[in-house]
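Me: I have a model open on my screen and would like to learn how to read it. Could you walk me through it, one feature at a time?

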Amino acid sequence: AEAALEEYKQAEELLPDDAELAYNTGLVYFDLGDMAQAEEYAEKARTLGYPLTGLQRKIKQHTLEKNAN
C-alpha cells in the first residue's frame, strides 16, 4: 500500500483535481490506518464530484466501531 501511495502522490502532482485519484488515495490511506488523511481525500473526492460513497461509509463504520470499544 505504501508503494501505491507514492505513485498516487506523484500522479496528484500532475492531476490535482482528479476526483477518482483523490478517492483512491483516500482508500490507500484508509488501508494504512491514517483516518485523518482518508477523510481529507474522501472529502476532496466528494467535492470534485466523485459519485461513489464507499470510502465515506468505510470511514463512518470505522469511527462507529472505534467509539463502541
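**Reading helices and their contacts**

Reply: Gladly! Let us start with one residue: Ala22 has its place in helix α2. Keep in mind that this is a predicted model.

Me: Is Ala22 buried or exposed?

Reply: The general idea is to look at relative accessible area, where anything under 20% counts as buried. Ala22 has a relative accessible area of 4%, so it is buried.

Me: Which residues does Ala22 contact, leaving aside its neighbours within four places in sequence?

Reply: Those partners are Tyr41, Lys44 and Ala45. You can also look at separation in space: the C-alpha atoms of Ala22 and Gly54 are 13 Å apart, while their positions lie 32 residues apart along the chain as a sequence separation.

Me: Now for pairs of helices. At what angle do the axes of α1 and α2 cross?

Reply: Helix α1 covers residues 2-14 and helix α2 covers residues 19-31; their axes cross at roughly 155 degrees and come within 10 Å. To put a word to such an angle, remember that over 145 degrees counts as roughly antiparallel. α1 and α2 are therefore roughly antiparallel to each other. The handedness of this crossing is left-handed.

Me: Which residues meet where α1 contacts α2?

Reply: From α1 come Ala4, Leu5, Tyr8, Lys9, Ala11 and Glu12, and from α2 come Leu21, Asn24, Thr25, Val28 and Tyr29. Sorted by class, the residues of this contact are 7 nonpolar, 2 polar and 2 charged.

Me: Glu12 caught my eye there. Is Glu12 buried or exposed?

Reply: Apply the same reading as before. Glu12, in helix α1, has 19% relative accessibility and therefore counts as buried. Setting aside residues up to four places away in sequence, Glu12 touches Leu21, Tyr41 and Lys44.

Me: And what does the side chain of Thr25 reach?

Reply: For a polar side chain, check which backbone atoms it can approach as well as its other neighbours. The Thr25 side chain reaches the backbone oxygen of Leu21 at 2.7 Å. Thr25 lies in helix α2, and its relative accessibility is 1%, so it counts as buried. Not counting residues up to four places away in sequence, Thr25 touches Leu5, Tyr8 and Tyr41.

Me: How does α2 sit against α4: roughly parallel or roughly antiparallel?

Reply: Begin with the angle again. The axes of α2 and helix α4, residues 54-68, come within 10 Å and cross at roughly 25 degrees. That makes the two helices, α2 and α4, roughly parallel. Here too, α2 passes α4 in a left-handed crossing.

Me: Which residues of α2 and α4 meet?

Reply: On the α2 side they are Tyr23, Gly26, Leu27, Phe30 and Asp31; on the α4 side they are Gly54, Leu55, Gln56, Lys58, Ile59 and His62. By class, this contact holds 5 nonpolar, 4 polar and 2 charged residues.

Me: How do α3 and α4 pack?

Reply: Their axes are 9 Å apart, and the angle is about 145 degrees. The crossing of α3 and α4 is left-handed. Met35, Ala38, Glu39, Ala42 and Arg46 in α3 meet Leu55, Gln56, Ile59 and His62 in α4. The classes in this contact are 5 nonpolar, 2 polar and 2 charged.

Me: What does Ala38 touch, not counting residues up to four places away in sequence?

Reply: Ala38 lies in helix α3, residues 35-47, and touches Gly26, Tyr29, Phe30, Leu55 and Ile59 under that condition. With a relative accessible area of 0%, Ala38 is buried. The C-alpha atoms of Ala38 and Ala1 are separated by 13 Å, and these residues are 37 residues apart along the chain.

Me: One last residue. How accessible is Gln61?

Reply: Gln61, in helix α4, has a relative accessible area of 41%, so it is partly exposed. Its side chain and that of Glu65 are joined by a polar contact of 2.9 Å. For a separation along the chain and in space, take Gln61 and Lys9: they are 52 residues apart in the chain, with their C-alpha atoms separated by 26 Å.

Methods:
Residues numbered from 1 in each chain as written. Predicted model: local features only at pLDDT ≥ 70, side-chain atom pairs only at ≥ 80, totals over all residues. Heavy atoms only, no water. Axes fitted to C-alpha atoms, helices over the stretch in contact; angles between N-to-C directions. Helix = DSSP H or I, 4+ residues; strand = E, 2+ residues; numbered from the N terminus. Parallel < 35°, antiparallel > 145°, perpendicular 65-115°, else oblique. Left-handed = near helix turned anticlockwise from the far one by under 90°. Contact = heavy atoms within 4.5 Å. Nonpolar A, V, L, I, M, F, W, Y, C, P; charged D, E, K, R; others polar. Buried < 20%, exposed > 50% of the residue type's maximum accessible area, 1.4 Å probe, protein only. Polar contact = N/O pair within 3.5 Å; in protein donor to acceptor, adjacent residues only side chain to side chain.
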